[in-house]
Structures are given as C-alpha cells and as structure tokens.
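This report concerns the local environment of one helix and of two loop residues. Please consult the sequence and the structure shown here while reading.

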Amino acid sequence: MADNIIKEEILSFIDKASSYDVIVLKTVNSTNSYIKKLTKDDAPHETVVIADKQTEGRGRLGREFFSPEGTGIYMSILLKPDKISLNPSLLTVAAGVAVCRTIKSISKTPPAIKWVNDIFLSGKKVCGILAESTADSKTGTINNIIVGIGLNVTTPSSVFPGKLSDIAVSLFPENTIRNKIIANIIDEFKRIYDFCDKECLIEEYKSYSCVLGKKISFTKGGETFAGIATDINMEGNLIVKLENGKTITLKSGEVSLGSENFVG
Ligand code: BTN
C-alpha cells in the first residue's frame, strides 16, 4: 500500500477542532530549520511542517538524525506560547508523552522514554525529539519554540547506516499509515498542551520512563558520575542519587543505562 504523506489525509484524521496549519514537503534540509525560517515571516502558533525526507535532519548534541525518504515521520511544531511557563524541556516531555500515547495505540510493544528525549521500543531507539527556541533580538524573550519529532516508521534495519542499525528500530505498525500516525501525534500533543497541567504531564512521562529506579551514568564537566535515577521533577529535570550519597539535578544532557556511554 502506498504510504504517501498527504496534507488532506492528515487533516481528515485530525480532530476537527484543531487549528493547526499543516505544511507537507517532499524533501527539506530539516523541518526544524524550515520552520525557524517561517518564523521570520511571522508563521502562526501551531504551524506544523512535515517532510517525507530530510537531507540534514538534526538531533541533540549536534548529531545527525537519519531521515530517509518514505519510511519515517519528520515533523516540527511551532508554538508561540503565551503560557511560556511551558519551557522547551517541558515541551520535549509533552512531545514524548504524545508520541508514546500514539505508539501505545498502534503497537503491541510498549514504548519507553529514555530521559529526556529518546523513545525506545524493545531496547532500541524509535523516535527522537529536538526542541529549540528563538528569542526576540531586542528583549531576549523566547518568542518561538519549535518541537521537532523524528519517528522511524517502516525503515528496514538494513537501511540504517553503520552502527545505527544496532541501536535504531522502526515501528512497523500494522495497517496504519503515516498520515494517521501524524494526525494522532498532533491531536495528542494538542490535548496535552491545552489541557494537561505540569503534575499530570510529569506523572504520565514518569510512567513511560525506563531510567527511573535504574543505575545510570553520565558525564558533566568532563567527569563521569554514576548513581540511581530516583525522580523527575516538575521542570522535567532528572534527579540522581550519586554513589557518594549526594543528590544531583540534571537539567539537560544524556544519561546511559548499563554499559552504554553517556554524554552530559
Ligand atoms: C535526537 O535524536 O537527538 C532528536 C532527533 C530529532 C529529529 C527531528 S526530525 C524532525 C525535526 N527536524 C530535525 O532536523 N530534527 C527534528
């Protein structure tokens, strides 16, 4: 079955009350970069850009996000929040929960979130989230937040280049096309953004966490630390009880479980 990304189909699945402005592109360097350009022409709150392929898909920490044609979902949502209390990391949390709810509804395998922005299926990464913001040049106030979501849908493992084939996985949903998945993610994200308070959002995020209660390691300022991830606070930060008994709050960075190498 052809699985083309089609704006009209997405709109037919999306909640009718939704006010999202959907733009579908065949190929783009990065949907996050594209939407950033649109903000210069005053693109409205809730603009969504979706591409069938990215030539320069970006992940966190300057990494590439592999974005081949026809088999993934590469989308960015523009928010001009009046509720600016929702900082970019909480929007990463909101997007993570929206994607997990969507995966749960179409996959027999339960999704898990590896703090802060990676979603795993059966121990391999299926989705990454990259939230970025722009600020008003005069006041320095954040005026745009861009939430980028990259989801491997039907990319075969043989297509992932190099080491990625060992650590990345695709969703392979039964009888579900990308347009429906995209509409679902948009609807869930909107529900969370409009109606969820911080407490319920963080509680749900924690319910998907695969790091809580686990031994983790991370590097900070060139030093490697190990400890137990004990909690996620209301700002989406990870609380870690270190081996020396001290407690540390991680605002960003990456942690490793088991023998992985983590970069902070
Ligand atoms: C990560 O794994 O560190 C985050 C990956 C985020 C990828 C998405 S795909 C859509 C949007 N455009 C990008 O260039 N990146 C994000």
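The sections below treat the helix, its boundaries and the two loop residues in turn.

## Faces of helix α2

The model is predicted. Helix α2 spans residues 31-40, and its buried residues are Thr31, Asn32, Ile35, Leu38 and Thr39. Viewed down the axis of α2, these buried residues fall within an arc of 115°, so they line one face of the helix. An α-helix has 3.6 residues a turn, so residues three or four places apart point the same way.

The buried residues of α2 pack against five strands: β1 (21-28), β2 (47-54), β3 (72-79), β6 (124-135) and β7 (142-152). On the other side of α2, Lys37 and Lys40 are exposed.

## Boundaries of helix α2

Where α2 starts, the backbone nitrogen of Asn32 has a side-chain oxygen of Ser30 within 3.2 Å. Asn32 is also among the buried residues of the helix. Just after α2, Asp42 adopts a positive phi of about 65°.

## Asp136 in the β6-β7 loop

Asp136 is located in the loop that lies between β6 and β7, two of the strands against which the buried residues of α2 pack. With a relative accessible area of 30%, Asp136 is partly exposed. Apart from neighbours within four places in sequence, Asp136 contacts Thr141 and Asn143.

## Asn237 in the β9-β10 loop

Asn237 occupies the loop between β9 (223-232) and β10 (238-242). Its relative accessibility is 8%; because the cut-off for buried is under 20%, Asn237 counts as buried. Excluding residues up to four places away in sequence, Asn237 touches Trp115, Asp231, Ile232, Thr249, Leu250 and Lys251.

Terms used: Residues numbered from 1 in each chain as written. Predicted model: local features only at pLDDT ≥ 70, side-chain atom pairs only at ≥ 80, totals over all residues. Heavy atoms only, no water. Buried < 20%, exposed > 50% of the residue type's maximum accessible area, 1.4 Å probe, protein only. Helix = DSSP H or I, 4+ residues; strand = E, 2+ residues; numbered from the N terminus. Arc of directions from axis to C-beta. Contact = heavy atoms within 4.5 Å. Polar contact = N/O pair within 3.5 Å; in protein donor to acceptor, adjacent residues only side chain to side chain.
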